[in-house]
Amino acid sequence: MSDSRNIRVLVAKPGLDGHDRGAKVIAAAFRDAGFEVIYTGLHQTPEMIVSAAVQEDVDVVAMSILSGAHMTLFPRVKALLDEAGADDVLLTGGGIIPEEDAAALEAQGIGRLFGPGTSTEDAIGYVREWFAQRERA
Amino acid sequence: MSTTEKDVTTAAELAAELRAREGEVAELKARLEAWEAAVGDTPQREALFTTISGRELKPLYTPLDRIEAERYDEAVGFPGEFPFTRGPYTTMYRTRLWTMRQFAGFATAKETNQRYKYLLNHGQTGLSVAFDFPTLMGYDSDHPRSLGEVGVCGVAISSLADMETLFDGIPLDQVSVSMTINGPAIILFCFYVAAAEKQGVTPEILRGTVQNDILKEYQAQHAWIFPPEPALRCIVDMFSWCSGHAPKYNPISISGYHIREAGATAAQELAFTLRNGFEYVERGIAAGLDVDSFAPRLSFFFDVHNDFFEEIAKFRAARRIWARGMRERYGAKNPESWRLRTHAQTAGVSLTAQQPENNIVRVAYQAMAAALGGTQSLHTNSMDETLALPTEKAVRIALRTQQILAFESGVTNTIDPLAGSYFLETLTDELERDALEIFDEIDELGGVVPAIETGWFQQEIAAAAMRQQREIEADERVVVGVNDFEEGSGKIEIDVLRIDASVEEKQRAHMAELRERRDEAEVQRTLSALGEACRGSDNLVPRILDCARAYCTLYEIRHAMEEVFGSYKEPVFF
């Protein structure tokens, strides 16, 4: 692997949604891929997530949202990350997110959002590629 | 107990029978061996010949698989009779079809009320309320933590006023209503009872169910509020109150659905759910209730997943394990306490975002398994649920799927039609055996609550979920449209239901108006009486009913309880 250091990822469950199957599967897959993974646990506010991201000095925040609240929560976390000076952190995620919404969020500077049926390899590949690009820049 | 003597006789009889049949068995064995030899190394497809839960299956089952099995009358028997393997009722669907109950709720109470009327007009026979996440977690629509989630995944109900609107024009003395709510179940139940009161309907005639299964929340679904002990007290208080005041109402629906959806295997779903059920029974008995005073109203809720036969066997095994446990271990004497009645829902997790119309077919097979398993009510998922809340059209197709099954397929004519199948009976026995082994494991961990607190259930479920994901990613298990038979761009073209952002504003306005018009002194009086009851040991239902009638909000009631009970902290891991 060409990574100069391990990629640090915060896997987060924002909002009130308790569906953590996806979050746990992706966290375990990231770990198996050699990333350093921190999982927040459930029911996190955007403030809690950003504070954990800053404290843990992560490269990536990956949020899992199956509650339909993605149009509120992704922009909110993005704004708080920017405010905290963590604008070089990749905010990505997955869940039940209609394609149009994913496109609208990407236009706001949020990374790729993955839907049901995504292979964990795709998500790992995406994060690796993004990281390599950021390191080159 | 007298059964011991009977068991001895049975075993002796069985041995005698086996000796008598030795010749026949030897001949059958020889024929099977000859068949196996003839099959030889005929090439097999490259596929997993295991169930979706990883259970090894043989290519063929014969009477030889049944020789060592329990006697038919002990293990299988007759419908409506102990141990209920063949069904909880004597005549099953010949007398009464399963209740077609579609889970629905979105936006405000007013909009959901319209959807309910639509469903009732299209032949649905019961209602099932889906609440939004704030409600599920005990937050009002105008609480800061509700931001962005009001009315999105279900209907927002923050007080009795919302509950009154939800059932406006729907006679609660005639329609049975199921409510999927757990953490704050006791509060929403009281809103419901109070809303019925406003219609002039007394609790004695209320029919319906509240999910109220907190153990599986800690294990899988995660909409909890209080720690296990006070949460269990609320549940036992509801058992006790309902047995005296609402004898037709099911104060709990012990649910495997969420356990399975979170990744568990069929055997884990079966075992965790029934063990949770027995835990509630033990808690009721420990609180001094007579087991037969509340056990007849305990109801269940299982997932019905892709693996057709394993799912059917799961329902049959569940009835048998429950009946035996209730009679033999907990000493229940009323046959109603032995009878496991269940709701079923097709597996949301089996639906694919890719080629969503294919989901109609998945749902139809799953629904048929539920009917062949003998369910009492059924929700069929809509094809578009992996994308958003279902559209009206998708819900209608899902309901029609049940109607075609019930009225056209013929599966309702004969009770438990697959009984006696060498394969199905063997699967039923295997699932029962697996569940009993898992019970032992839980006991070794100190019981359900200690196993929750150490994260054991959660880790077992996550490990099973990971195994399934690996099978799919390694292309060992085919998911049509996802890792095989994919189509073109993968672009999904389907209408989705969108919740208007104005819902949150409307709810906030409602709440402000409610806080303005209610009697504040009465609010404070009932809330402080509730706090007092929480500190003591009186039944909490009458106190919360008073709060509901005074239009205290969901969060106000939750908060009054939380001040005494504290809140639950999950063990975090992955």
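In this predicted model, Asp57(A) is found in the loop that links helix H2 (46-55) to strand S3 (60-65) of chain A. The phi angle of Asp57(A) is near 50°, a positive value in a residue other than glycine. Asp57(A) counts as exposed because 10 C-beta neighbours lie inside 10 Å. A positive phi also occurs in chain B, where Tyr551(B), likewise a residue other than glycine, has a value near 65°. Tyr551(B) is placed in the loop between helix H22 (541-549) and helix H23 (554-565) of chain B. In contrast to the exposed Asp57(A), Tyr551(B) is buried, with 20 other C-beta atoms within 10 Å. A further backbone feature of chain B is the peptide bond from Phe82(B) to Pro83(B), which is cis, with omega near 0°. Pro83(B) belongs to the loop between helix H3 (72-75) and strand S1 of chain B.

The overall architecture of chain B comprises 23 helices and 10 strands. For a chain of 574 residues, a compact globule would be expected to have a radius of gyration near 25 Å, and the value of 25 Å for chain B agrees with this. Along the principal axes, the C-alpha atoms of chain B fill a box of roughly 85 × 65 × 45 Å. Of the 574 residues in chain B, 48% are buried. When contacts in chain B between residues at least 6 apart in sequence are considered, 78% join residues at least 24 apart.

Within chain B, an open sheet of five strands is present, with the order S1-S10-S9-S8-S7 and parallel pairing. The edges are formed by strand S1 (99-100) and strand S7 (252-255) of chain B; each has a single partner strand, so one side of each is left without a neighbour in the sheet. In general, strands of a sheet pair through backbone hydrogen bonds, in either a parallel or an antiparallel manner. S1(B) is joined to S10(B) in the parallel sense over two bridges, and the bridge partner of Met100(B) in S10(B) is Leu378(B).

Strand S9 (residues 342-346) of chain B has strand partners in both S8(B) and S10(B). Strand S8 (residues 298-304) of chain B runs parallel to S9(B), and five bridges join the two. Asp303(B) has Gln345(B) as its bridge partner in S9(B). Gln345(B) in turn has His379(B) as its bridge partner in S10(B). The pairing of S9(B) with strand S10 (residues 377-379) of chain B is parallel and extends over three bridges. The connection between these two strands involves helix H15 (residues 358-373) of chain B, which makes a right-handed β-α-β unit with S9(B) and S10(B).

The surroundings of S9(B) were examined next. Five of the five residues of this strand are buried, so S9(B) is largely enclosed by the rest of the structure. Both faces of S9(B) are covered, since Thr342(B), Ala344(B) and Thr346(B) are buried on one side and His343(B) and Gln345(B) are buried on the other.

The domain assignment divides chain B into domain 1 (74-473) and domain 2 (513-565). The C-alpha centres of domain 1 and domain 2 of chain B are 28 Å apart. Contact between the domains involves 25 residues of domain 1 of chain B and 17 residues of domain 2 of chain B. On the side of domain 1 that touches domain 2, helix H6 (160-166), helix H7 (185-198) and helix H9 (228-245) of chain B each supply at least two residues. By class, this side of domain 1 of chain B has 17 nonpolar, six polar and two charged residues.

Chain B also meets chain A, with 33 residues of chain B in contact with 27 residues of chain A. Helix H5 (133-137) and helix H19 (456-473) of chain B each provide at least two residues of the side of chain B that touches chain A. H19(B) gives the most to this side, with five residues. The residues on the side of chain B that touches chain A divide into 21 nonpolar, eight polar and four charged.

Note on methods:
Residues are numbered from 1 along each chain as its sequence is written. Chains are lettered from A and ligands numbered from 1 in the order in which they are written. This is a predicted model: local features need pLDDT of at least 70, side-chain atom pairs count only at pLDDT 80 or more; totals for chains, interfaces and linings use all residues. Helices (H or I, at least four residues) and strands (E, at least two) are DSSP runs, numbered from the N terminus. The radius of gyration is taken over C-alpha atoms; the globule rule is 2.2 Å times the number of residues to the power 0.38. A residue is buried if 20 or more other C-beta atoms lie within 10 Å of its own, exposed if 12 or fewer, and partly exposed in between; C-beta atoms are placed from the backbone. Two residues are in contact if their C-beta atoms, placed from the backbone, lie within 7 Å. Ala, Val, Leu, Ile, Met, Phe, Trp, Tyr, Cys and Pro count as nonpolar, Asp, Glu, Lys and Arg as charged, and the others, Gly among them, as polar. Domain bounds come from an automatic or database domain assignment. Two strands pair if DSSP finds at least two bridges between them. A crossover is right-handed if, with the strands pointing away from the viewer, the path from the first strand over the helix to the second runs clockwise.
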